[in-house]
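Me: Please take a close look at one part of this structure, and then set that part in its wider surroundings. I am new to the structure, so explain each term as you use it.

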Amino acid sequence: MIRWILLGLAFAAIPFLPPFYLTLLNFMAISAVVALGLYLLTGLAGMSSFGQAAFMGLAAYTTAIATTRWEWSPWTSLIVALALCGLAAVVLGSVTVRLKGHYLPLATIAWQMALSILMGNLVSVTGGHGGISEIPALRLGPLSLRDPREYGFLTLGCAVLLALACAQLASSRMGRALRAARGDGVVAASFGVNLPLIRLQVFVLAALYAGLAGWLHAHFLRFVNPQPFGLEASMRYVIMAVAGGVDRIGGVFLGTGLLTLLGSWLQDILPVLFGRTAQYEVIAYGLILAGILLLAPRGLWPFLEAYLPRHRPPLISGHTLPAPPTPIPRSEVLLEVRNLTKNFGGLVAVNGISFAVHRGEVVGLIGPNGAGKTTCFNLITGLYPPTRGEIRFAGHLISGRPPFFIHPLGIARTFQQPHLFGEMTVLENVALGTYSRTRSGMLACLVGWDKLRGEEQAALAEAYRALERVGLAHLAHEKAGKLPLAQQRLLEIARALASSPQLLLLDEPAAGLRAREKQELAQLLRRLAEGGTSILIVDHDMDLIMGLVDRVVVMHYGEKLAEGAPEGVQRNPRVLEAYLGLPVEVAG
Amino acid sequence: MDATILGLLIADGITSGVIYGLLAITLVLVFTVTRVLFVPMGELLMYAPLTYALLVDHKLPGSLWLGAAFLVAWGVLDLLGGARRAGLFPFAGAAVLVGFGTWAASTGSPALAWLLAVGVVVLMGISTYRLFFEPIPHASVLTYLILSLGLHFVLQGLGLVFFGPEQYRIAPLLPGEAQLGPVPLPRQNFAVYGLALVWVLALYGFFSRSLYGKALLACAINRRGARLTGIRIRDAGRVAFTLASLICALGGMLLAPLTNAAYFMGFIPSLKGFVAAVLGGLVSYPLAAVGAILVGTLEAFSAFYASAYKEAIVFALLLPILFVQSLRTLEIGGVEE
Amino acid sequence: MRRWMVLGLAACVVLAGLLGVGYAQAPRVIRIGVVVSATGPAAALGIPVRNAFLLYEELFRDAIPGYRIQYIILDDATNPTLAVQNARKLIAEDRVVLIAGSTVSVSALAMVDVTGEAGVPQMAMGATQNIVHPVDEKRRWVFLLPQTAASAIQAVTLDMRLRGIRTVGYIGFNDVWGEEWWTSLSAAAPNLGIRVVANERYARADTSVTGQVLRLLAARPDAVLVGASGTPAVLPQRTLRERGYRGIIYHTHAIGDPDVLRVGGKDLEGALLPVGPVVVAEQLPDNHPSKRPALEHKRIYESRYGPGSVSQFGAHVHDFWLIVRPALERALRRASLDNLPAFRAALRDEIEATRNLPGAHGVFTYSPIDHLGHRFEYSNVFVQVQGGRLKLLRTFLPRQ
């Protein structure tokens, strides 16, 4: 509620601002639009880009050329400019987003520099370094948007609308997927997120934001030249976003506003303090920036956030998601692993293992450390392809397919080390599990269509139900990073449950738990099995395993050592030798 | 395109490549130990010869005052943090810097100026680490990068204030030219090549063979693990920055006679050095050096065929190379934070 | 009791009256805005201008009785967007009567929109014609101070014709300056039957131009024009000579400053370039109209910054003051500072009324259709670098 009031005040104040501050307001709003794109790209998805100004330039030059040379309407050229930006983003993005680590920002610098130089040198197209002037002002029917006052409504309006869109996206399934893709691509992929695709999508989105900013810039200054779209400009936008706090929408607004005002303020005050015989503005700017980051490495916004009213957690409504379709009737082979082999260079991790999990079964996969159990899991869930052999799930061949293909078929897993996203709440973490059961795409989430449709609420309700099943519902709105180990493991199970899987792969869920916690875990798993979920569980706690499973598969050095009912396997001399290293006389 | 032109272009490419390579190895050095992408390395490259130029001209350069100011700030932070005797060293250092500098300026002696120029850059490098990066050891790579950008603005802005907008000319250590086949090369080039080669081999050996070097690497890979095995992170960072500044200062002093020195000439080469470093995966010195030669040669040939677009070509050709390199490591894993 | 109160009140009234009179006699401030590129790539050009403005403010602060001249100097960091922002600030917040700037042509051009719309006269210091031409609704407010590259290039092409040069190669900065000189050269050369055979570019911070020079040499031009400025302009000439080029080398006027000549040393020997008359003030013939103002500026500038420090860019400020001071005085008679829009309009009219005013860089005449102000004959001389100094080769004064 307060936000809307503040917003209204901001707009109402525009006509009363002195003229120079109106100019600054426009520059701030345009920078904010770019910075919002960076919020999506860097804050949500974790990709650094030093090339946003190049996209601005692309759009700015498009509209400049179209409106001056071909006398198009600026509104038409906006569409063309955005389309061009989008196209360029798809092309550049397909190369760039696949890059890992430091290659990514370097690639953005690369095409930023290349585009800047092209802008300056294709004289017949872009007017070269001298640029293009006499760009017409915008007209909205009878209204002319020439004056900074009138233009301020447009730019501020755009910034606010786009911020709302960002907020919608951030609190949707796509936002969760992007955050997941950032911290830990493995988890995201394991829950159905098509990493390259959504990374490309958010990259294009950020480029479109920058394109809009470029168009606004061109029709505000009515002049374009290569300089505002060069590497230094890109750097300054990243600086604004990071100084304010790139992982919050409020942060990017704060950073943009503060640093724009800072520039003007330094101009006024430094000559008074240090004289006019040298320019100290950029030096002071750098020092202040360094100071901000030293005191607030995550940006300034967290300081302000403490004073704002707390974000109310979403209301969980009753309806949950529709159940996913059941592909095959009961008591058939659900998972079949045949002759599975995986080599890592010279190391043979899994060597020709075969086993099956039937519908409604609980199968234990045990073996000493290094036997290849987690590798098996990774092969089944598609993290890497097998060297030989095949895996079938419900009759489909899944070996060699990527995780985001396999998961929606009905396999969900937990990890040996809990892979949670500490900054997100418990509920949001679990909601990631519903990703494959929901459909709203990037665009739909931007405009809030997923909430209008009720899909988002249903997903959260589903996640809440999963939390209830594991007994963590009371912690739904806590930050996941605060949870102790036992609850983190339960959280992982809840996340897997939220995807309503037919087969649950649990990787050492009891490791590090105390006796009482293990008992509760065992009860939970038994309930799940009784409810019809098939489980393939890896663990070292024999009591837990033997008391829970229908069948045990024993692995050793990547091969299947034994298989059968728990009691038989426990007495198997080869199994005992593998675990204990000595032949043991078994009494009875 | 005859043999002479080919030879000249290749020689030109190698010389440029060596410049970028020196910057590349310093960037790799600092990054592998501290995870800081130290953008102001280019400014430091220029500060040494510029300081020298002013000193031999009997002027006291502002860079000495800046170095002293950094040292004083260091001392103050140490005292505030509780250190007692150790806290006096930075102050002493500042006094020595200014005193020594005044003496050097008054005599105008080249030898003193050389020493001081290298010394002030090394002191600036290590105190930059101490003041700006050491206090926030757990920040993200992006935060460090933005901090570096801030320092780049500071150092470049101060460079204009201290040294003015024009270039300075420095007398070469090895005057004259030598003939390499059809290609005449200034003798000073060999000093630069020699230095670069020595550094690449030394760093490679240091980090891959010596225990101390491996300890430094461990700090960047896993801080907690390194501390648990008794490696002092703080010292590691300081050693890395000291070494890097030393390489930069020496390199700058040897290069300036070839290229002239100005406050603005450091940034773009450091960018290209960064390109070369990434081509080496930001971990390997020999690969970074090779990458740098590649960038230099590509630039030399582009300057011949399409000089207006030479930089665009160099940067644009990076993209397919990066793409190919990223394909080599095919994992599902996510992007680094 | 009442008597003291009455006396006290009377004293207050008298005091207030005296203060009021004193207040009315305090100098009114005339604020002039200045936008220069004192940082960024064009700093070598903007810093002398800034220093000259500071000096002239100090010396001529009280030149107009009853008024105090105040300069508000803002740096635009060679960034047109910032130049526009600065212009808006100066006009709206600082309420200046006039803006000088920017020193880079793109920035000056960007500012024209702002000054034209707000009705504030602008003395642009960038060297391109399209800043002031054609004189339309917006451009009637902007006047050009320096000579344009298009004007200076005539001096170069005339020399080329005198020497019988048929082909010329070009190597210039990959920025506005380099582009401006390329455009001027390629427009002027064909008229004199000279063919331009190469167009190479390099960046200011480049450490080598081997590739570009090799390409130039392959085209075998009779002459090469280096479209650069400052000390980085030395590199192409040095490389050309090292690679054995024996032809004529021309430069732009932006190497005509003492620092460049000093750092360039032997490498610049023999370079030919056009400059404004002020650069070789002592060598000018006595009948050159710019000789007096040029020597005057030299005296003023060097008395503060030392002998040999005079810069041609700083001299534009001298011309600025020569034009603006009388214009201000005339405008003050016509309009009052209290009505700022009217005063700005009056000032604009008075600047436009400048006729045959000899300055350090030429003779200034503005008119409603000509805001360039310069005539080629008075604004350019041709010099050569000889022994580290500039030697006047010829002037272009019209024959009497």
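Reply: Tyr384(A) lies in a loop of chain A, between helix H15 (373–381) and strand E8 (388–393). Helices (H or I, at least four residues) and strands (E, at least two) are DSSP runs, numbered from the N terminus. The model is predicted: local features need pLDDT of at least 70 and side-chain atom pairs count only at pLDDT 80 or more, while totals for chains, interfaces and linings use all residues. Residues are numbered from 1 along each chain as its sequence is written, and chains are lettered from A and ligands numbered from 1 in the order in which they are written.

Is Tyr384(A) buried or exposed? Tyr384(A) is partly exposed, with 17 other C-beta atoms within 10 Å. A residue is buried with 20 or more such atoms within 10 Å, exposed with 12 or fewer, and partly exposed in between, with C-beta atoms placed from the backbone. Leaving out residues up to four places away in sequence, Tyr384(A) touches Asn378(A) and Leu379(A); contact requires C-beta atoms, placed from the backbone, to lie within 7 Å. Lys342(A) is 42 residues from Tyr384(A) along the chain, and their C-alpha atoms are separated by 9.2 Å.

Elsewhere in chain A is helix H5 (residues 103–121). Of its 19 residues, 18 are buried, so H5(A) is largely enclosed by the rest of the structure. The end C-alpha atoms of H5(A) are 27 Å apart, which agrees with the 27 Å expected at 1.5 Å a residue, the expected span being 1.5 Å times one less than the number of residues.

Chain A also has a pair of packed helices. H2(A) (residues 19–44) and H10(A) (residues 195–221) meet at an angle of about 170°, and their axes are 8 Å apart. H2(A) and H10(A) are therefore roughly antiparallel, a label for angles over 145 degrees. Residues of H2(A) in this contact include Asn26(A), Val33(A) and Leu44(A), and those of H10(A) include Val202(A), Tyr209(A) and Phe220(A). By class, the contact has 18 nonpolar, three polar and no charged residues. Here Ala, Val, Leu, Ile, Met, Phe, Trp, Tyr, Cys and Pro count as nonpolar, Asp, Glu, Lys and Arg as charged, and the others, Gly among them, as polar.

H2(A) also takes part in the contact between chains A and C. That contact takes 24 residues from chain A and 23 residues from chain C. On the side of chain A, H2, helix H12 (249–274) and helix H13 (281–295) each supply at least two residues, and H2(A) gives the most, with four residues. This side divides into eight nonpolar, 13 polar and three charged residues.

The contact between chains B and A takes 39 residues from chain B and 44 residues from chain A. Helices H6 (141–163), H11 (267–279) and H13 (310–328) of chain B each give two or more residues to the side of chain B. H6(B) provides the largest share, 12 residues. By class, the side of chain B has 28 nonpolar, eight polar and three charged residues.

Chain C has 13 helices and 14 strands. Of its 400 residues, 57% count as buried, and its C-alpha trace spans about 105 × 45 × 40 Å along its principal axes.

Definitions and conventions
Two residues are in contact if their C-beta atoms, placed from the backbone, lie within 7 Å. Axes are lines fitted to C-alpha atoms, for helices over the stretch in contact, and angles run from 0 to 180 degrees between N-to-C directions. Angles under 35 degrees count as roughly parallel, over 145 as roughly antiparallel, 65 to 115 as roughly perpendicular and the rest as oblique.
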